Amino acid sequence: SDGRPRHEFSAPAFVLARAQLEFPCGTWSIRETHESGTRAYREHDDPWQDALPERVVVSDDNPRLFQMAGFSTEPAGLALAIEALKDVCQRCENESRAMETELNRCLIGSWELVSGGYGAEIQRQLEATGIFEQIEYPDLHGIFVLEANGRYRQGPDDDKTPSKTTIRSDAGKLWTGLSVLELNQEGSWSTEGDTLYLCEEQKSIDLDLTLIHPEGLEEKLSTGKDHTDTLGLRRKREYECQQNQLLLTESLPGAPSVSWEYRRR
């Protein structure tokens, strides 16, 4: 409970190791690495178990407490490690109330992408390969809606025109790809200073892809099947908000920064 995600426990042979594991408010994923010795856990006066739950949920300000006992008769002694990762997208009630006061009111509303974004960055990198004669990559986040209740959603704009990509073979034959890619995301949002935090909780992808052969034959490679994921993924973006303009910048280690420019709808 001291903020470290990983704790290591060890003891010499024939020495009893004891610890109290305290999980404060939140949703925790637990992973244990057991190297030597035996160990057991219990919560309150429950029976002893040989493993912790894989998931610990604490919904209020009262932490959940587990006792641990470990012992070994082998020369290597006791050695184990416990890693507890908190789901940043699952808030407690008190955190949700606090978040309501952190929302920058300028951000609330419906925004339309003007330039930038993941689609533009992917297109730039693909163009740099020199493989494509023509390439159009769709805007993945054409519409961005930030609601006053701390929820957000992102999706494509209303333009369903297929994006066109062409490749010319060494023999001079032209291959054409037509694609309609729709990416929808939703979750919760909050701000701290000039930083926007997006907790992505659900994502769906719909791809319709057609390949046109040099002879004109059309081949359907994808028929628009929807794929949905439920996840907890936190994104961090620096923002500048004015009445009708929103600028976002996302920086990731080892990758080029990505910028978005939105206008209010």
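**Exercise 1. The disulfide**

Task: Which residue does a disulfide join to C106, and where do the two cysteines sit?

Solution.
- Step 1. The disulfide joins C106 to C241, with an S to S distance of 2.0 Å. The criterion is a pair of cysteine sulfur atoms within 2.5 Å. By this rule the count comes to one disulfide.
- Step 2. Place both ends. C106 lies in the loop between helix 1 (93-100) and strand 8 (109-116). C241 belongs to strand 15 (residues 218-241). The pair links distant parts of the chain, 135 residues apart.
- Step 3. Take the handedness. The torsion about the S-S bond of C106 and C241 is about -85 degrees, so this disulfide is left-handed.

The model is a predicted one: local features need pLDDT of at least 70, side-chain atom pairs count only at pLDDT 80 or more, and totals for chains, interfaces and linings use all residues. Residues are numbered from 1 along each chain as its sequence is written, and side-chain values use heavy atoms, with hydrogens and water left out.

**Exercise 2. Cysteine exposure**

Task: Are C106, C241 and C199 buried, partly exposed or exposed?

Solution.
- Step 1. Set the classes. Buried means under 20% relative accessible area, exposed means over 50%, and partly exposed lies in between (1.4 Å probe, protein chains only).
- Step 2. Apply them to the disulfide. C106 has 22% relative accessibility, so C106 is partly exposed. C241 has a relative accessible area of 22%, so C241 is partly exposed too.
- Step 3. Turn to C199. Its relative accessible area is 2%, so C199 is buried.

**Exercise 3. The three-stranded sheet**

Task: What is the strand order of the open sheet of three strands, and which strands stand at the edges?

Solution.
- Step 1. Fix the terms. Strands are DSSP runs (E, at least two residues), and helices are runs of H or I with at least four residues; both are numbered from the N terminus. Two strands pair if DSSP finds at least two bridges between them.
- Step 2. Read the order. It is 2-6-4, with antiparallel pairing.
- Step 3. Find the edges. Strand 2 (17-23) and strand 4 (38-43) each have a single partner strand, so one side of each is left without a neighbour in the sheet.
- Step 4. Get the turn. Neighbouring strands of this sheet are turned by 20 degrees against each other on average, direction ignored. Axes are lines fitted to C-alpha atoms, for helices over the stretch in contact; angles run from 0 to 180 degrees between N-to-C directions.
- Step 5. Check one pairing. Strand 4 and strand 6 (residues 64-71) pair antiparallel over six bridges. R42 has Q67 in strand 6 as its bridge partner.

**Exercise 4. The four-stranded sheet**

Task: In what order do four strands form an open sheet?

Solution.
- Step 1. The order is 1-7-3-5, and the pairing is antiparallel.
- Step 2. Strand 1 and strand 5 are the edge strands; each pairs on one side only.
- Step 3. Neighbouring strands are turned by 20 degrees on average, direction ignored.
- Step 4. Strand 3 (residues 26-36) and strand 5 (residues 55-58) are joined by four bridges. T27 pairs with V57 in strand 5.
- Step 5. Eight bridges join strand 3 to strand 7 (residues 78-86). In strand 7, E32 has I82 as bridge partner, and I30 stands opposite A84.
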